[in-house]
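Let's take a walk through this one, starting with a loop and working outward to the whole chain and its partner.

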Amino acid sequence: MERLHSGLILETGPFRTRIVSHTPEVLAGLDLLYSDFPVHDDGFCDFHVQVERVQGPRRYFRPQVTFMFDGMAPFKPLPANHAFALLEWGLNWCIAGHAHHYLMLHAASLEKNGRAVILPGEPGAGKSTLTAALTLSGFRLLSDELTLVDREDRLLVPLARPVSLKNASIDVIRSFSPRAVMGAAAHDTHKGTVSHLKPTSESVLRADEKAKPALIIFPRWKADAEAKLTHHSKADAFMHTANHAFNYNLLGSLGYDLNASLIDACECYDFEYSQLSDATLVLSELMQ
Amino acid sequence: MKLTDSPLIIALRDPGVILRFTDAEWDLIVRQGYATGLLGRLGAMMLKHGLKTQIPVPVWRHMEAMLTIAEKQRRAVLWEVSQLSRALVEVNAPVMLLKGAAYAAAELAPAAGRTFSDIDILVPKSALPEVEMHLMLSGWIAARLDPYDQRYYRQWMHELPPMTHIRRGTNLDLHHNILPETARIKTRPDLILSSAQHLAGFANIFIPCPADQVLHSATHLYHEGEWEHGLRDLSDLDCLLRAYGEDSGFWADLMARARELNLAGPLSHALSNAKAIFQTPVPDLAQHSALYQTRTIQRRMMNSLFVAGMTSAHPSLRHPGTGLAQFLLYVRSHWLRMPMHLLIPHLLHKAIAKLRIENSEIHRSAE
């Protein structure tokens, strides 16, 4: 608690973020969901962030919280009970806006048996739900939103941060596994109700271990469909990852090279499913 | 923290000192580097001095990220310049790139690791209607402004309302002067254009001559009142002066040109501040006393006001006087920009327009 007031340095994969907050929601969220992550008292930090109540008359009437990046507020304030979700979005913003050292794909990624699978997600395709289910089925979580490709060795760099779940998928994951640890739900955000799944200890403890990309899977949840993999053209996969990357154009020819070697290294599939238990089985077999 | 104690400034002055830096100092460097816009330049300097491997890996990642952005902008600006050159090929007038775009396109000293957001160009005032028309035909659209703002730009300012390319989204500021029409001091944009240098590879694109690059950069810094970027702009001046200053004839040219363009004031502030903050090698300032039209004490006060303004970039640099300095510099920039009989109605108009917007926002959020 006192540490969070004066500055808690949280290590998530390659990034260290100094977080200052006096809001109980942030404290509770960090306590529950980040309990396995390394924390530090001093040293170099990549990002300096604060999540605090907005002062003034709003303190008493519909209190709000604001996210600050080193003294500057990049977003508008949100209702006070969204504080932890705001911190998560803020941390994503920090990485997406600054980590151009990496190629950053808008995709989830997980690892099993030394092979990494990338799940690019169209909104509503169920990427996060599948990521959460795989995490709870023995896959090592690398990242839920931001897949980082190292420009030197072209491996995937883990973040292992909590998986963000929305609306119905929150209860789907609760009933999928009794081991699911979920943070407090934030209702009525711009994404609806949002709650975060705690990453498994193994994912967090191995967050300094990069993973070799082997598969790109485009998931699509479809009612009553049997879990089924079909080949996806590599050319299309290339265009998709390029178009959905945060900084493909910014990296210029390096972006092209990194994306091309990623696609070269990966088998690409479309994946239709309705039952998470079937889906995790099919994908586990694929990782053998 | 005093500016001259900032690890960022110290490292920019003398790159070798980074060997002694602690984690806490690196932490401050990256934060101050992002806030001031100087992180990329420091990264470029580290590469140039072969110090990359001496930097902690997590710190280098941030510098490399900024160098990546700067490189992307360099590619983008070359593409924009080729598009501009083509769009304006029928216009019988020179098109001059200013500041960031000129540095990047001609790979001038400040370019390495520098990022920028707009492309600024200068054309003769007489060619303005023709240039504007050809730019619009090629897809540059001016921001939609109310009649008051249109008049503000077109009658009083030195540039037209900012333009954005309809497909590429790039921003272009079209200037016909480097100071507002209403400004207290008048300069001679025609002389700047007539001493222009060709940008290699383009028949109709130019950059200012070295002395004019310095004078425009100084004029921009001390007249526009963008003090959050003040340190970056002063560092640009430091880069230019170090690069050109080795040529012994440069300084005499610069002084003569400053008088010719009536820009001795901003130049004298630039030389004093650059020397004080970046230890820019400026030949004995006393020799240039002819530049100064004001008394020593007044000049010193102004220079410390500018330094205080530059501390607004990052919380670690701010001191109790920063807020007051920001306010005074804001007032100063308006005072320089237009005479009182125009300024007071203009500020009133802006204040009322702001109130109206706030009221309508409150109204909307209540609904």
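## Two loops with a positive phi

N113(A) sits in the loop that links β7 (102-112) to β8 (115-120) of chain A. This is a predicted model, so keep that in mind as you look around. The phi angle of N113(A) is near 50°, a positive value in a residue that isn't glycine. Is N113(A) buried or exposed? It counts as exposed, because just 11 C-beta neighbours fall inside 10 Å, and 12 or fewer is the cut-off for that label.

A160(A) makes a nice companion. You'll find A160(A) in the loop between β11 (156-157) and β12 (163-166) of chain A, and its phi is near 60°, again a positive value in a residue other than glycine. The surroundings of A160(A) are another story: it has 27 C-beta neighbours inside 10 Å, so it counts as buried. The bar for buried is 20 or more.

## Helix α3 and its neighbour

Now over to helix α3 (residues 83-98) of chain A, which has 16 residues. At 1.5 Å a residue, α3(A) should span 22 Å, and its end C-alpha atoms are indeed 22 Å apart, so the two values agree. Which residues of α3(A) are buried? The list is A83(A), F84(A), A85(A), L86(A), L87(A), E88(A), W89(A), G90(A), L91(A), C94(A) and I95(A).

Helix α2 (residues 24-33) of chain A packs against α3(A) at an angle of about 65°, and the two axes are 7 Å apart. That makes α2(A) and α3(A) roughly perpendicular to each other, because angles of 65 to 115 degrees get that label. On the α2(A) side, the contact uses E25(A), V26(A) and G29(A), while α3(A) brings A83(A), F84(A) and L87(A). Sorted by class, the contact of α2(A) with α3(A) comes to 4 nonpolar, 1 polar and 1 charged residues. The three contact residues from α3(A), namely A83(A), F84(A) and L87(A), also appear among the buried residues of that helix.

## Chain A as a whole

Stepping back, chain A has 9 helices and 17 strands. How compact is chain A? Its radius of gyration is 19 Å, close to the 19 Å that the globule rule gives for 288 residues, so chain A is as compact as a globular protein of that length. Along the principal axes, the C-alpha atoms of chain A fill a box of roughly 55 × 45 × 30 Å.

Of the 288 residues in chain A, 47% count as buried. If you take the contacts in chain A with a separation of 6 or more, 71% of them come from residues 24 or more positions apart.

## Where chain B meets chain A

The contact between the chains takes 18 residues from chain B and 14 residues from chain A. On the chain B side, the elements giving two or more residues are α2 (23-36) and α4 (57-87) of chain B. Of these, α4(B) gives the most, with 11 residues. By class, the chain B side divides into 8 nonpolar, 2 polar and 8 charged residues.

R31(B) is worth a look here. R31(B) lies in helix α2 of chain B and is buried, with 22 other C-beta atoms within 10 Å. What does R31(B) touch, leaving out residues up to four places away in sequence? Its contacts are H48(A), D70(A), H314(B) and S316(B). As for H216(B), 185 residues from R31(B) along the chain, the C-alpha atoms of the two are separated by 29 Å.

Conventions:
Residues are numbered from 1 along each chain as its sequence is written. Chains are lettered from A and ligands numbered from 1 in the order in which they are written. This is a predicted model: local features need pLDDT of at least 70, side-chain atom pairs count only at pLDDT 80 or more; totals for chains, interfaces and linings use all residues. Helices (H or I, at least four residues) and strands (E, at least two) are DSSP runs, numbered from the N terminus. The expected span of a helix is 1.5 Å times one less than its number of residues. The radius of gyration is taken over C-alpha atoms; the globule rule is 2.2 Å times the number of residues to the power 0.38. Two residues are in contact if their C-beta atoms, placed from the backbone, lie within 7 Å. Axes are lines fitted to C-alpha atoms, for helices over the stretch in contact, and angles run from 0 to 180 degrees between N-to-C directions. Angles under 35 degrees count as roughly parallel, over 145 as roughly antiparallel, 65 to 115 as roughly perpendicular and the rest as oblique. Ala, Val, Leu, Ile, Met, Phe, Trp, Tyr, Cys and Pro count as nonpolar, Asp, Glu, Lys and Arg as charged, and the others, Gly among them, as polar.
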